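User: Hey, I've got a structure to go through and could use some company. Can you walk me through it in plain words?
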Amino acid sequence: MTGATARQVPVPPEAGLAVPARPHWGAMAALSHAFAFGVAAPIYSFVTAHETWRASCRALGALVPGPRVLDLGVGTGTSALEMARGGGKLHLGLDRSAEMLRRAARAARAEGASLPLVRADGMALPVRDGALDGVTGHSFLYLLPDPAAALAEVRRVLRPGGRVAFLEPRAGRPALRDAFAGGPRCAASMLLWRGMSRLHARFHEAGLAALLARAGLRGARAWPVLGGHGVMATAERPE
Ligand SMILES: C[S@@+](CC[C@H](N)C(=O)[O-])C[C@H]1O[C@@H](n2cnc3c(N)ncnc32)[C@H](O)[C@@H]1O
C-alpha cells in the first residue's frame with residue numbers, strides 16, 4: 001500500500017468532478033449511510049482499526065497547517081486522533097452521527113487525548129469566517145449530496161493561507177491484492193469502502209482537484225494512495 005508520497009497529477013482545466021453512483025441507487029445509498037454510521041458503527045470501527053488506515057490519516061494531517069484544524073466526518077475519531085499524534089495542532093471533530101461521535105469521545109478518553117467534538121451537518125459549518133488554519137476530511141466528501149457546496153463552506157471558514165486535505169475513494173479499478181497486502185482487516189475496510197462508494201461517489205485525481213479549485217482554493221493537486229483505492233488532495237485558500 002502506498003502513502004502520501006505517490007505520483008501527483010496536474011489538474012486539466014476541463015476535468016470532470018465526482019463519478020456519481022447511479023441515480024436509482026439513491027435510496028440504497030441513504031440506507032447504507034444510516035446503517036454504516038449508525039447501528040453498524042461497531043463494524044465500521046472494527047474494520048478500520050489497522051495500521052494502513054491510521055497511516056493514511058497521519059499522512060492527511062501532515063498536509064495542513066495548525067494550530068486550529070477541523071476534521072470533517074470525524075466518525076469514530078480515528079482520523080483526528082491519528083492526525084493529532086503529529087502534535088502541535090488542536091484537532092476538532094465534526095460529524096452528524098451521534099453514534100459515531102459517542103465512539104469518538106470514548107476513543108479520545110481511552111487515549112487521554114483532548115478531542116473537542118461537535119455534532120453538525122458538514123454542509124453548514126457552525127464556525128465563523130476565517131477561523132481555521134486547516135480542514136481535513138477522510139472518507140467524507142464522497143458521502144455528501146453536494147460536495148461543491150460543502151467546499152464553499154470549507155473555504156469560508158479557512159483563513160487566508162489556510163489549507164485543506166481530503167482522502168476519498170478513487171474511481172477506477174484498483175487491484176484487490178494491494179488491499180490484502182495490508183492484512184485481512186485492511187482488505188475488509190477497502191471492500192467496505194468500495195461498496196459504500198459504489199452507492200455514493202468516487203473521484204478521479206483530476207476531478208477532486210478540480211472540485212477544490214472551483215471552490216476558490218489555489219494550488220489544488222491530487223494523487224492516488226492506498227494502493228489506488230484512495231485519492232488524496234490538498235489546496236490552499238489564497239491570501
Ligand atoms: C467513512 S466515515 C469516516 C470516519 C473517519 N474520518 C475515519 O477516517 O475513520 C464518514 C463519516 O462522515 C459522517 N458524515 C456523512 N455525511 C455527513 C454530513 N453531511 N455532515 C457531517 N458528517 C457527515 C458520517 O456520519 C461518518 O461518521
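Analyst: Sure, and keep in mind that this is a predicted model. Let's start around the ligand: the residues of the shell there divide into eight nonpolar, nine polar and three charged.

User: Which of the 20 residues around the ligand come nearest?

Analyst: That would be Gly73, Gly75, Ser97, Gly122 and His138.

User: OK, zooming out. How many helices and strands are in the protein chain?

Analyst: The protein chain has nine helices and nine strands. It has 239 residues, and 48% of them are buried. If you take its contacts with a separation of 6 or more, 75% are between residues 24 or more positions apart.

User: How do the strands fit together? What's the order in the open sheet?

Analyst: Seven strands form the open sheet, in the order β4-β3-β2-β5-β6-β9-β8, and the pairing is mixed. β4 (117–119) and β8 (218–225) are at the edges with a single partner strand each, so each has one side without a neighbour in the sheet. On average, neighbouring strands in this sheet are turned by 15 degrees against each other, ignoring direction.

User: Let's look at β5. How many bridges join it to β2?

Analyst: Four bridges join β2 to β5, which covers residues 132–138, and the two strands run parallel. To pick one pair, Leu72 has Gly137 in β5 as its bridge partner.

User: And how many bridges are there between β5 and β6?

Analyst: Six, and that pairing is parallel too. One to find on screen is Val135, whose bridge partner in β6 is Val164.

User: Is β6 mostly covered or mostly uncovered?

Analyst: Mostly covered: nine of the twelve residues in β6 are buried. Helix α6 (residues 147–157) lies across β5 and β6 (158–169), and runs at about 145 degrees to β6.

User: Where do side chains point in a strand, by the way?

Analyst: In a regular strand they alternate between the two faces of the sheet.

User: Nice. Which residues touch the most other members in the largest nonpolar core?

Analyst: Val164 turns up again here, along with Phe166, Leu208, Ala209, Leu212, Met232 and Ala233, out of 58 residues in that core. Helix α9 gives the largest share of this core, six residues. Apart from it there's another core of six residues, including Ala179, Cys186, Met190 and Trp193.

User: Tell me about α9 then. How many of its ten residues are buried?

Analyst: Eight, so to speak a mostly covered helix, spanning residues 205–214. The buried ones are Glu205, Ala206, Gly207, Leu208, Ala209, Ala210, Leu211 and Leu212. Just after α9 comes Gly216, with a positive phi of about 90 degrees.

User: Changing topic: where is Pro65?

Analyst: Pro65 is in the loop between α3 (51–61) and β2 (68–72).

User: Why does Pro65 count as partly exposed?

Analyst: Because it has 16 other C-beta atoms within 10 Å, and the partly exposed class lies between 12 or fewer for exposed and 20 or more for buried.

User: What is Pro65 in contact with, leaving aside neighbours within four places in sequence?

Analyst: Asp133, Gly134, Gly162 and Arg163 are its contacts on that count. Pro65 is also 9.0 Å from Val164, C-alpha to C-alpha, with the two residues 99 apart in sequence.

Terms used:
Residues are numbered from 1 along each chain as its sequence is written. This is a predicted model: local features need pLDDT of at least 70, side-chain atom pairs count only at pLDDT 80 or more; totals for chains, interfaces and linings use all residues. A residue is near a molecule or strand if its C-beta atom, placed from the backbone, lies within 6 Å of it. Ala, Val, Leu, Ile, Met, Phe, Trp, Tyr, Cys and Pro count as nonpolar, Asp, Glu, Lys and Arg as charged, and the others, Gly among them, as polar. Two residues are in contact if their C-beta atoms, placed from the backbone, lie within 7 Å. A nonpolar core is a set of buried Ala, Val, Leu, Ile, Met, Phe, Trp, Tyr and Cys residues joined through C-beta atoms within 7 Å. Two strands pair if DSSP finds at least two bridges between them. Axes are lines fitted to C-alpha atoms, for helices over the stretch in contact, and angles run from 0 to 180 degrees between N-to-C directions.
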